[in-house]
Structures are given as structure tokens and as C-alpha cells.
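This report describes selected features of a single protein model. The sequence and the structure are shown first, and the account of charge pairs, a helix and pockets follows.

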Amino acid sequence: MRKLLIALILILLAIWIGFLIHQDSGYVLVSYHGYTMETSLWFTIICLVVIFFILYMLLRLTKNTRLIGGKYQKWDKKRKSEKARDLTNKGLCDLAEGNWSEAQSNLKKAAKHHPNPLINHLNAARAAHAAQDYDARDEHLRNAHKTTKGSEVAVGLTQATLQIEGQQWEQALATLNHLNRIAPNHKHIMKLLCEVYLELKDWEQLQKLLPNMKRARIFDDLQLESIDKQIHMGLMSHVAKASEVSKLHELWSELPKKWRSDAHMLKLYTD
């Protein structure tokens, strides 16, 4: 009923417009740079309406095209994200199973579209390290740092840990010293530094680090006492090997009383 009523109104409107056109078609004259165009008023109105309709449809088409493009981009991003998640899971499984090459490949591919690429790069570095491909390991760690802001300490600690596992003591020391400047008094950095100093027998640096480790309570009292003893024994042993007797007497005089009565320390000194 409603459609019929609308159709009837349109017919009546058309009849009325036709009557007006028959009664007086009007006159329009357009002149521009010596060119003139003459036509009826009603034809001009119809042309303007058609032009308006065409422009309106073009604008709608442009808007719809943008919407379709936006929806496609959103869908494509979601698809790539899901694929990256699946590849990440596969890469982590490969890492757990010892498939180092496959783990690196899958984790690296997934990192491009993964919402948290840091996980991928760090685990890819672990896979490369397990395969003893240290150049690839360091490349993965560099990528981890590039793709994630504020990850320098986390990436650096991973690198230092892997370098220690690979017995790359000098490289680990350089990495940890850099981290110590960025994040002084960081507990895990100090703990790893202690491990490296002990391995390198760098007693002087370890002695400087000891007060900070005590304040941070990284180790319990027995562990700290053991480290303190190793430091003093290491310093005395180094001086004794160099036959610096006066320096040895000086170190002995500076020893805490508890160490001067220690049998191992006393034997080292008397020998």
C-alpha cells in the first residue's frame, strides 16, 4: 500500500512538472569566453540533477572502496597474526625437541607479524646458540633489540647468559659491564658478573663488587663468606706467584682476623 501511494505521488509530480514545462519551458543562456549555449530551463534543471546524482554515486563508490580496502587490510593483518602465532608455536616445539635449524627458521619468519617479536628473536637466539652458531645467535639478539623498545637489559642478560654457557668469558664480561652501566645494582647482572670474575680470577674487581652484592643480598651469608675467602686467597696467591713478599705481608696484615686464623689461608701465606 505504501509503495503504491509513493508511485501515485511520483506520477502526479511528473504530470505537474510536465504541465509546467508545457506552459512555460523557460530560457537559459550561458556565455563564456565568446561561447554561448542556449537551452530551456527545465533541461538545465534535469542536467543538474543528473550531474548531482552521478557525483553522489561516485562519492559513495569511493567511500565504499575505502571501507572495503580497510576491511581487507584488517582481515589480512589478522590472517598474518594467526599464521605468526602458529609458526611461533611450531618454532617453540622445535626448540624443545632440539631441532635447532627449524626452530630458528620458524621463529624468525613468525617475528615479522607477531605482536611480541621479542619472544621469537630471543628463542631463535637460544636455538642458534645450541647449534653453536654464535654469529646467528648475535644477529637474532640484535633483531630483538631493534624490534622492541626498552628491551636492552633483557636482551643483554640473555646474551651474557648464553656467552657464559658457551664459555665466552671475555665477551660475557664486556656485555655485563655494559649492562652494569645501564642498570647499576641490578641483582642478576651482579650475580653473573660474580660468576665471570670467579672464572677469570679477577679478584680485584670481584672485591669491588662484593659490598654491592652484600647490600643486594644476592647470596646468603655462607655463600658471601665463601666468595670473600676466595677473593683473599686469590689475591694472596697472585702476589705470592709474583714473588712480591712485601705486598704479601701487606695483604696479610689487611686480612680480617677470622681469615688469619683460617688453616687454608695460613698455609697459603706460610708456603
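How many salt bridges does a search of the whole structure find? The search finds six. The model is a predicted one, and the three pairs tabulated here are among those six salt bridges.

| Acidic residue | Basic residue | Distance between closest N and O atoms |
|---|---|---|
| Asp 86 | Arg 85 | 3.8 Å |
| Asp 94 | Lys 90 | 3.7 Å |
| Asp 262 | Lys 229 | 3.3 Å |

The surroundings of these pairs can be described in turn. Asp 86 is partly exposed, with a relative accessible area of 45%, and Arg 85 is likewise partly exposed, at 47%. Asp 94 and Lys 90 both belong to helix H2 (residues 41-97), where four residues, about one turn of the helix, separate them. An α-helix has 3.6 residues a turn, so residues three or four places apart point the same way. Asp 94 counts as buried at 7% relative accessibility, whereas Lys 90 is partly exposed at 45%.

In the pair formed by Asp 262 and Lys 229, the aspartate lies in the loop between helix H12 (257-260) and helix H13 (263-270) and the lysine lies in helix H10, so the salt bridge ties together parts that are 33 residues apart in sequence. Asp 262 has a relative accessibility of 16% and counts as buried; Lys 229, at 19%, also counts as buried.

Helix H4 comprises the 14 residues 117-130. At 1.5 Å a residue it should span 20 Å, and this agrees with the 20 Å between its end C-alpha atoms. Of its 14 residues, 11 are buried, so H4 is largely enclosed by the rest of the structure. Among the buried residues are Pro 117, Leu 118, His 121 and His 129. Gln 132, which follows H4, has a positive phi near 60°.

Attention now turns to the pockets. The largest pocket has a volume of about 390 Å³. Helices H9 (203-216), H10 (221-241) and H11 (245-254) each give two or more residues to its lining, and H10 provides the largest share, eight residues. Of the 16 lining residues, Trp 203, Gly 234, Leu 235, Met 236 and His 238 lie nearest the centre of the pocket. The lining consists of six nonpolar, five polar and five charged residues.

The second largest pocket has a volume of about 190 Å³. Its lining includes Asp 138, Arg 142, Glu 152 and His 178. Helices H5 (134-147), H6 (152-165) and H7 (169-182) each give two or more residues to this lining, which divides into three nonpolar, five polar and three charged residues.

How values were computed. Residues are numbered from 1 along each chain as its sequence is written. This is a predicted model: local features need pLDDT of at least 70, side-chain atom pairs count only at pLDDT 80 or more; totals for chains, interfaces and linings use all residues. Side-chain values use heavy atoms; hydrogens and water are left out. The expected span of a helix is 1.5 Å times one less than its number of residues. Buried means under 20% relative accessible area, exposed over 50%, partly exposed in between (1.4 Å probe, protein chains only). On a 1 Å grid over the protein atoms alone, a cavity is a set of points where a 1.4 Å probe fits but cannot get out, and a pocket is an open set with protein on both sides within 12 Å along at least five of seven lines; lining residues have an atom within 4 Å of a point. Grid points are joined across faces, edges and corners, and a volume is the space filled by probe spheres set on the points. Ala, Val, Leu, Ile, Met, Phe, Trp, Tyr, Cys and Pro count as nonpolar, Asp, Glu, Lys and Arg as charged, and the others, Gly among them, as polar. A salt bridge is a side-chain nitrogen of Lys or Arg within 4 Å of a carboxyl oxygen of Asp or Glu.
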